[in-house]
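Hi everyone, thanks for coming along. Please have a look at the structure on the screen, and then I'll walk you through a few spots in it.

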Amino acid sequence: MRLAKYLAKRLRYVQEPSARIQGGRSLEQHVSPEQWRQLRELYRRSNLGLVTVEVANYHAISTPEDDHIGMELVHLLESDALASLPGLFPQARFLFSAREGLASFMLFFDIPPDIVSLANAAFMFRMQAQERLAMRLPHQLAASCDIHVGYAYVDSHASGDMDRVLLRAYLHARRLGSRPRDVASPPLYKEFQCIVERGKVTTLYQPILDFETAQVMGWEAFTRGPENTFLSSPQMLFQLAKEAGSTFRLEKVCREKALKGLGQMGPNQRLFLNNHSDEIADPNFTPGLLLEEIEAYGLKPHNIVLEFAERQGFKDMNLFFRDIERFRAKGFSIAIDDVGSGDSSLRNITLIRPDFIKFDISLVDGIDTNPYHRSMVETLLFLAQRIGARTIAVGIETETALSSLVSMGVHAGQGNCLGVPEYKPASPHIQLPRKTGFTQEDGQSWKCSTPIRELTMPCPTTSGDKTVREIKELLVDKPAQTSVVVVRDGRPCGLLMQYNTDRHLSTQFGMSLYYHREVTRIMDPSPLVVEGDLPIEDVAALAMVRESTKVYDDIIVVDKGKLMGVVSVQRMLDQLTQTQVELAKGANPLSGLPGNVSIEREIERRLKGRIPTAMAYIDLDNFKVYNDVYGFERGDRIILLTAELLREAAKACGASGDFLGHIGGDDFLIMCDPSRVVPLCNYVMEHFAIRSKELYSPEDVARGYVVGKGRDGQTGQFPLTSLSIAVIDCPMDAYFSMELLSNRTAAVKKRAKSIEGNALVRESLLDQASGQTASAAA
């Protein structure tokens, strides 16, 4: 029954509009009485312009299950037409628009006697409509849309009544719309021919930065048409070239302009030149001719990269591969662009084996939050490694996207974040972010006690009764915004990630199931929510144990339950990396363990968090004598041995929260839970007693002492180097001064050093009479 109603509805409203109007012999039925009266008043005393817009394959897009998709598509087109057409033809006065069934609509204008401008406006709108749909709709849906845009000038002096004149104008517009090549006016084609013949194009150069060296490895050349004209946009220019059959001629002009404006270039730098895949088979584009072109400007083949956009497609892959091999044999490099777009094929990449793989901007967008984009990039990085290609990320617009790509191992990148296209090749000096991570190479965690509130960013919010469509419209002008928080009474109750929304809508029945439904249907009802006072390192630990599909979702930050904002995982990783850099600057240059700055921060963090802590101060006995007898190099080796044993003990007996530090010289520090301090120290003492003997001569080991001068300058016999460890139990729930800690440590260390051999003495900071313990290791 439902299908029968659907088919009846479609047969009534979505038959061919021209046939429907011819049957009615008038456009009057498709406009309101007021609009018809307005047309009558203007018909004799003014000039009317008509633009028709139709989704030609409406039947294929809208199915009984997804009936509203086509209607939504027409709605988007009508909104875009109302917003952009008046700007494309500013001399005209927009009158009104009228729906013509489900698949199309008409727009009426009061225009000057200028059919050329009307034609150009219609042509440009068709181009812009395709681009905007690609940005706002799932890729497969946008790619399948066949948009027809036609125009007509209503001749008020033509024979016949107004109804017939309007009907003829309408049918003329529809015929033009069905033949895209005829939409552009003859003057526009004439202007295009003038551009090609006189070389009236401009080249802009965007730098491509090598992420390994932070130097410019080359530039991509972009073409622009004459400023302040309909053909200033490269999309318009090349679309018209395609419809005029002049793509090869235009690309030759663009190539010559790019080479001429390049200027001086480093011997190993490259110029990336965009080419249509069909051009490679043009008999006027051969390796020999290209070699002559570049040599005229002092360039070598290895300075040139021929770039082909994968979304243009390859008509005959075998022929294309044969042709590019001719260029490659002469030393030219090959790049494939738009990899990762909906049109890309990994098979094409493996067949072509390009020298450079350029990730599509749609893949780079949201790379810091979208786990599917990250997985795709990781797959392409693996493939590039196997075929020996270098990877370039295109369209890097934010710092977090940049740090994500650097951390993932992408080789190079370009985008406004690194350098905008300019008329002369520029070499910007960019401070690249370090690769992010949560741990040091030796496995010891870096500490970052900064509260997460310091990284919080404002975010859009919505209530649970809003529809998915409303949220998409909310985000359309906020490309950098990746999430929306669903709130109830000021408290977060769900999270809607941009990538997750697109994933739901792009499924087979996604638009029908979700687009006009409440956001609660697709939101994450249990996102990670943390209080603003929580340290960044603790939030990072919570974020990384989420399920794999949510690991890069934004983190919601609250203040006593009330929403503060969100923090992206990449922003948090960047902060942790910066902390790592700062701590590394204060690390001991010999042992690599955190130095005094880090030690002070860790003590402060433990005090603020009231974390139960035992501090073990480790001192090497008779180290000065050993250093004097065996030399500084051997002295450094015994320091390194101690540091190595501390790390081994932390791995064998410690936990992730333990801290190792190098105060300086032969003094070290361990901070850990009181329950672990004795096993840690015993491990260090036992292994030091064995391995330190390897740093002595057999004679000294056999005697059990060395002969040297003490601090008083007198020669004597000194025992082999041993460890004195003073352990202080610090009550973190009570206040104490650093002076008190220093004094108690000195006293306990003195007692430990009075015990022969490796020794440990443990006391409480505030109670000198409590449980004094002394132990020695052989």
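How many cavities of 30 Å³ or more does the count come to? The count comes to one. Before I go on, please keep in mind that this is a predicted model.

Let's stay with that cavity for a moment. The largest cavity has a volume of about 40 Å³. Around it you'll find Thr52, Val53, Glu54, Glu100, Ser104, Phe105, Met106, Tyr170 and Arg174 as the lining. Three elements each give two or more residues to this lining: strand 1 (48-55), strand 3 (104-110) and helix 8 (162-178). If you sort the lining by class, you get four nonpolar, two polar and three charged residues.

Now please move along to Val394, which sits in strand 11, residues 390-394. Is Val394 buried or exposed? Val394 counts as buried, because its relative accessibility is 16% and the cut-off for buried is under 20%. Leaving aside residues up to four places away in sequence, Val394 touches Asp337, Lys358, Phe359, Ile361, Val364 and Gln414. Take Gln414 from that list: Val394 and Gln414 are 20 residues apart in sequence, yet their C-alpha atoms are 5.2 Å apart in space.

Next comes His411. You'll find His411 in the loop that runs between helix 17 (399-408) and strand 12 (412-414). Which backbone nitrogen lies 2.9 Å from a polar atom of the His411 side chain? That nitrogen belongs to Thr391. Thr391 is also among the residues that His411 touches, again not counting those up to four places away in sequence. The others on that list are Leu209, Asp210, Phe211, Glu212, Ala389 and Arg390.

Last stop: the cysteines. A disulfide is a covalent bond between the sulfur atoms of two cysteines. How many disulfides does the count come to here? The count comes to zero. Take Cys653 as an example: the nearest cysteine sulfur, that of Cys681, is 10.0 Å away. Cys653 is in no disulfide, because the two sulfur atoms would have to be within 2.5 Å. With a relative accessibility of 25%, Cys653 counts as partly exposed. Cys493, on the other hand, counts as buried, because its relative accessibility is 17%.

So, to recap: one cavity of 30 Å³ or more, a buried Val394 in strand 11, a loop residue His411 with a polar atom 2.9 Å from the Thr391 backbone nitrogen, and zero disulfides. Thanks for listening!

Methods: Residues numbered from 1 in each chain as written. Predicted model: local features only at pLDDT ≥ 70, side-chain atom pairs only at ≥ 80, totals over all residues. Heavy atoms only, no water. Helix = DSSP H or I, 4+ residues; strand = E, 2+ residues; numbered from the N terminus. Buried < 20%, exposed > 50% of the residue type's maximum accessible area, 1.4 Å probe, protein only. Contact = heavy atoms within 4.5 Å. Polar contact = N/O pair within 3.5 Å; in protein donor to acceptor, adjacent residues only side chain to side chain. 1 Å grid on protein atoms, 1.4 Å probe; cavity = no way out; pocket = protein on both sides within 12 Å on 5 of 7 lines; lining within 4 Å. Points joined across faces, edges and corners; volume = space filled by probe spheres on them. Nonpolar A, V, L, I, M, F, W, Y, C, P; charged D, E, K, R; others polar.
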